[in-house]
Amino acid sequence: MWEGDRSKFPEIIDGKPVIDLDSQKYVKIWQGPQHPGVTGNIALEVTLCGDEVVDLKTHVGYLHRGFEKLLERRTWMQGFTIVCRICVPEPDTNEYLFAAGVEELSGITVPAKAEWIRTLTLEMARLASFLMWLGGQAAAFGMGTVGQWTVAHRDFLLDIFEELSGGRIYHMYIVPGGVRADLPKGLDRRLEDVLKKIEILLKDVDRVLFNNAIFKLRSRGLGIVTRDMVDSYGVVGPVARAAGLARDLRKDHPYLVYEKLDFDIITATGSDAFTRAQVRFKEMYQCIDLIRQILSRMPDSGDFYTPVPNVLHWKIPAGATFVQAEASRGEYGYYMVSDGTAYPRRIAVRGPSYSHAIALLQKLAINTNIADLAGLMVSLQTCPPEIER
Amino acid sequence: MEKIISRLQLSFALQDIREQRPDLWFLSIAKNNAVSILTSLRDIHGFTSLILLTAVDYLENNVFQLTYILRNYSMNVSLGIEVKLPREAAVMDSIHHLWQHAETFQRELKEMFGIDFPGSPGIDEGFVLEGWDNIPPLRRDFDTRKYARETFFPRPGRTKHDPRDQMRSKLYSDYSGGEK
């Protein structure tokens, strides 16, 4: 925010700027839907006074594929191939939540081994998602090289996913009843090799990014989320934790095997883009630690799948549930309603970006510099596909 | 949670109270009392976060069911408030004054189900669809296949290579198709 003479900036009435575009003092431009500074396909309608944002409106709909409608026309089992496509960087959370909802409504218990494998895939997906974010965050402030490193290391993780499930991006590995296959032999050793590579990368990134004067100067004080904004804007995940709130569903409402793992909720108090980056960076180390804990404590043998009824005629008892899990971006939720037939009555997906990329971004962008808008957006780790589904 | 429910029952006529999980409860309430109970839950009972606002279409009963899911972080409990609306008069009071991000949910519901929330900011601006000229697409009576056939007609001059016809004509021309 320009701290000099603000007489030429729009007057603020009832918390909103009064903008007369005909006065020719303001410029309205579009950032996106195809722009390196936006995350995915999303458009920001930006009104500028000089180089300062005075108004912003988020437009979504460029990636709407109607998943919720598609799910209503498919059997319960057919749905699991669709839900992973809701989120590109971290599809496994969707797979897990869909499976967890179906299992809860139908009263199926998953074997212990499957729970461990599910937790492993969720943590691997979290790490892969954070690697993608880290590259985006650095690139948004002009350090494209970091993005090349991190995306290359994400590829090593995708190799592991490919070996595990056959798919690199969409794994379709977690199915209602368990997981599709057991861990391949020697996967733990190969995963450990990848983790060691990522640890070396994180040390480099720490030196290059977090000790970089430009990154510090531009990200400190950018997009401050105050404590009272957290609930009123639906702020969750690392953004809420960077605002000092110890909220993590893995601890607050332990699912899968998280209560058997040792970890603490990482919080901070700065609540700006730099603090959020620090929180996520620490969570990446936490992910690596959790993956190692899972690999060392996982049972060697046991079933990875509970037989479910004939999937072609599988009727789920009528009922409704809301299942949640902590994704890398925050709390992810599936509201599932069954009317007792072989098809879902309604499945509603609630991703963290739904509130972060619209209500919160529209609020935080005001008075930021246009050049910092990309960095701000990435610091909220927004993912448009989960907004519009 | 039972204490909160019994305290709410003193002020509101709650129906269909059910415990889905120890950390997830659902209850139904009449449309007129919905905003009051949401305000009370937010300000008095610690359900400070609106997690989800969505709708379910019960076409056979001619009603929409709105579901508000709120979360109490200090107790780690979620509560789903269900409100029934008649499909012909699908209008509900807005809650954008309680949560800033509620307007996004309401905009989506207006577009996808045709449920109106008068007074909600930008309610008529649309959410993801552009130039939509049919009934709201998430309603149960919207037929996706019929819409696709009517809207995305086959391009003139397009040749079709159906694998089944191709195999029949090229590879198995003597195959009778299973008929004797």
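## Where the two chains meet

Let's start with polar contacts: across the interface of chain B and chain A there are 29 residue pairs of this kind, with both partners at pLDDT 80 or more. That confidence figure is there because this is a predicted model. On chain B, the elements that give two or more residues to the side touching chain A are the strands β1 (15-21), β2 (24-29), β3 (49-58), β4 (63-72) and β5 (77-86), along with helix α3. Which element gives the largest share of that side? It's β3(B), with nine residues. Sorted by class, the chain B side has 21 nonpolar, 12 polar and 13 charged residues.

How many residues does each chain bring to the contact? Chain B puts in 46 and chain A puts in 40. Between them, the chains bury an area of about 3,500 Å², and carbon and sulfur atoms give 50% of it.

## Salt bridges, across and within

Five salt bridges run between chain B and chain A. One salt bridge to look up in the structure pairs A:R345 with B:E60, where the closest N and O atoms are 2.7 Å apart.

Zoom out to all chains and the count of salt bridges comes to 37. Here's one that stays inside chain A: A:K113 pairs with A:D182, and their closest N and O atoms are 3.0 Å apart. This pair ties together distant parts of the chain, with the two positions 69 residues apart. A:K113 belongs to helix α4 (residues 112-140), while A:D182 is in the loop between β7 (178-179) and α6 (187-210).

## The largest pocket

Now for the open spaces. The largest pocket has a volume of about 1,200 Å³. It is lined by 40 residues, and the ones closest to its centre are A:D55, A:L56, A:Q362, A:K363 and A:I366. Several elements give two or more residues to this lining: from chain A there are β2 (16-17), β4 (43-49), β5 (52-59) and α12 (353-364), and from chain B there is α3 (102-113).

Which element gives the largest share of the pocket lining? That would be α12(A), with five residues. As for the kinds of residue, the lining of this pocket divides into 13 nonpolar, 13 polar and 14 charged.

## The cavities

There are also closed spaces to find: four cavities of 30 Å³ or more turn up in this model. The largest cavity holds about 90 Å³ of space. Its lining takes in 16 residues, and those nearest the centre are A:Y354, A:R389, B:L53, B:T54 and B:E108. At least two lining residues come from each of β10 (344-350) of chain A and β3 and α3 of chain B. The most come from α3(B), which gives five residues. By class, the lining of the largest cavity has 10 nonpolar residues, one polar and five charged.

The second largest cavity contains about 60 Å³ of space. Which residues line the second largest cavity? From chain A they are A:G234, A:V235, A:V236, A:E331 and A:R350, and from chain B they are B:S49, B:L50, B:I51 and B:Y73. Here β3(B) gives the most, with three residues. This lining divides into five nonpolar, two polar and two charged residues.

## Elements to follow

If you want a couple of elements to trace through the structure, try β3(B) and α3(B). Strand β3(B) supplies the largest share of the chain B side that touches chain A, and it also gives the most to the lining of the second largest cavity. Helix α3(B) gives the most to the lining of the largest cavity, and α3 of chain B is also among the elements with two or more residues in the lining of the largest pocket.

Conventions. Residues numbered from 1 in each chain as written. Chains lettered and ligands numbered in written order. Predicted model: local features only at pLDDT ≥ 70, side-chain atom pairs only at ≥ 80, totals over all residues. Heavy atoms only, no water. 1 Å grid on protein atoms, 1.4 Å probe; cavity = no way out; pocket = protein on both sides within 12 Å on 5 of 7 lines; lining within 4 Å. Points joined across faces, edges and corners; volume = space filled by probe spheres on them. Helix = DSSP H or I, 4+ residues; strand = E, 2+ residues; numbered from the N terminus. Nonpolar A, V, L, I, M, F, W, Y, C, P; charged D, E, K, R; others polar. Contact = heavy atoms within 4.5 Å. Buried area = accessible area lost by both parts, 1.4 Å probe. Salt bridge = Lys/Arg side-chain N within 4 Å of Asp/Glu carboxyl O. Polar contact = N/O pair within 3.5 Å; in protein donor to acceptor, adjacent residues only side chain to side chain.
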